[in-house]
Amino acid sequence: RVLFRSETTILEFNSHEHKAAGLKNSECYSTIQQEIEYLVNHKCDSNYLIVRTDLFENSNIFNVYRDNNFTAEELIKVFENSNPLPKDLRHIHVIFLYCPKSRLSDAKYSIIVSAYKKLIEDRGGMVTIQADANEFEM
């Protein structure tokens, strides 16, 4: 059984021109946590969540633009204290897509995505990190 939450397909999404722009507020963790919770509650054999963002949190729980020196371990604590992920993610596969535009954004992204990877894999989930959407490694 396949569950599609959105009517927009990946090909339709990729066909539009998207310009990078900073946001006043970007609640990446909360959004990802809610989507994972949604998938866990739908009891499918396999659930895929495709996350296409730089993961640069700018919310009341953390601000990647203000707090420049952070570690994956610190982020894990912040995320777990705000709203923990479900304990059993065995049927969840999260695919993170992002192609950094600079070494600085690549360094920040690497720290952030490693925190997500640890949080998800420690609960039995699978994580794939890739730079493009030409093919998905499932």
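**Exercise 1. Place aspartate 106 in the fold and state whether aspartate 106 is buried, partly exposed or exposed.**

Step 1. Aspartate 106 sits in helix α4. Helices are DSSP runs of H or I with at least four residues, strands are runs of E with at least two, and both are numbered from the N terminus.

Step 2. The relative accessible area of aspartate 106 is 36%, so the residue is partly exposed. Buried means under 20%, exposed means over 50%, and partly exposed lies in between, with a 1.4 Å probe and protein chains only.

Step 3. Aspartate 54 is 52 residues away along the chain, and its C-alpha atom is 8.9 Å from that of aspartate 106.

A note on the source: this is a predicted model, in which local features need pLDDT of at least 70 and side-chain atom pairs count only at pLDDT 80 or more, while totals for chains, interfaces and linings use all residues. Residues are numbered from 1 along each chain as its sequence is written, and side-chain values use heavy atoms, with hydrogens and water left out.

**Exercise 2. Describe the setting of serine 82.**

Step 1. Serine 82 belongs to helix α3.

Step 2. Its relative accessible area is 34%, so serine 82 is partly exposed.

Step 3. Leaving aside residues up to four places away in sequence, serine 82 touches Tyr29 and Ile61. Contact means heavy atoms within 4.5 Å.

Step 4. Isoleucine 61 is 21 residues from serine 82 along the chain, with 6.9 Å between the C-alpha atoms.

**Exercise 3. Work out how α2 and α4 are arranged relative to each other.**

Step 1. Two packed helices are described by the angle between their axes and the distance between the axes. The axes here are lines fitted to C-alpha atoms over the stretch in contact, and angles run from 0 to 180 degrees between N-to-C directions.

Step 2. The axes of α2 (residues 28-40) and α4 (residues 103-121) come within 13 Å and cross at roughly 25°.

Step 3. The two helices are therefore roughly parallel. Under 35 degrees counts as roughly parallel, over 145 as roughly antiparallel, 65 to 115 as roughly perpendicular and the rest as oblique.

Step 4. Cys28, Tyr29, Ile32 and Ile36 of α2 meet Tyr116, Leu119 and Ile120 of α4. By class, this contact has seven nonpolar, no polar and no charged residues. Ala, Val, Leu, Ile, Met, Phe, Trp, Tyr, Cys and Pro count as nonpolar; Asp, Glu, Lys and Arg as charged; the others, Gly among them, as polar.

**Exercise 4. Classify two of the aromatic pairs and locate their rings.**

Step 1. The structure holds seven aromatic pairs. Rings of Phe, Tyr and Trp (its six-membered ring) pair if their centres lie within 6.5 Å; planes under 30 degrees apart are stacked, over 60 edge-to-face and the rest tilted.

Step 2. Phenylalanine 79 and tyrosine 116 are 5.2 Å apart centre to centre, with 45° between the planes, and the pair is tilted. Phenylalanine 79 lies in helix α3 (residues 72-82) and tyrosine 116 in α4, so the pair ties together parts 37 residues apart in sequence. Phenylalanine 79 and tyrosine 116 are buried.

Step 3. For tyrosine 98 and tyrosine 109 the centres are 4.7 Å apart and the planes are at 45°, so this pair is tilted. Tyrosine 98 is in the loop between β2 (92-97) and α4, and tyrosine 109 is in α4, 11 residues apart. Both tyrosine 98 and tyrosine 109 are buried.

Step 4. Ring pairs also join Tyr29, Phe79, Phe96 and Tyr116 into a cluster.
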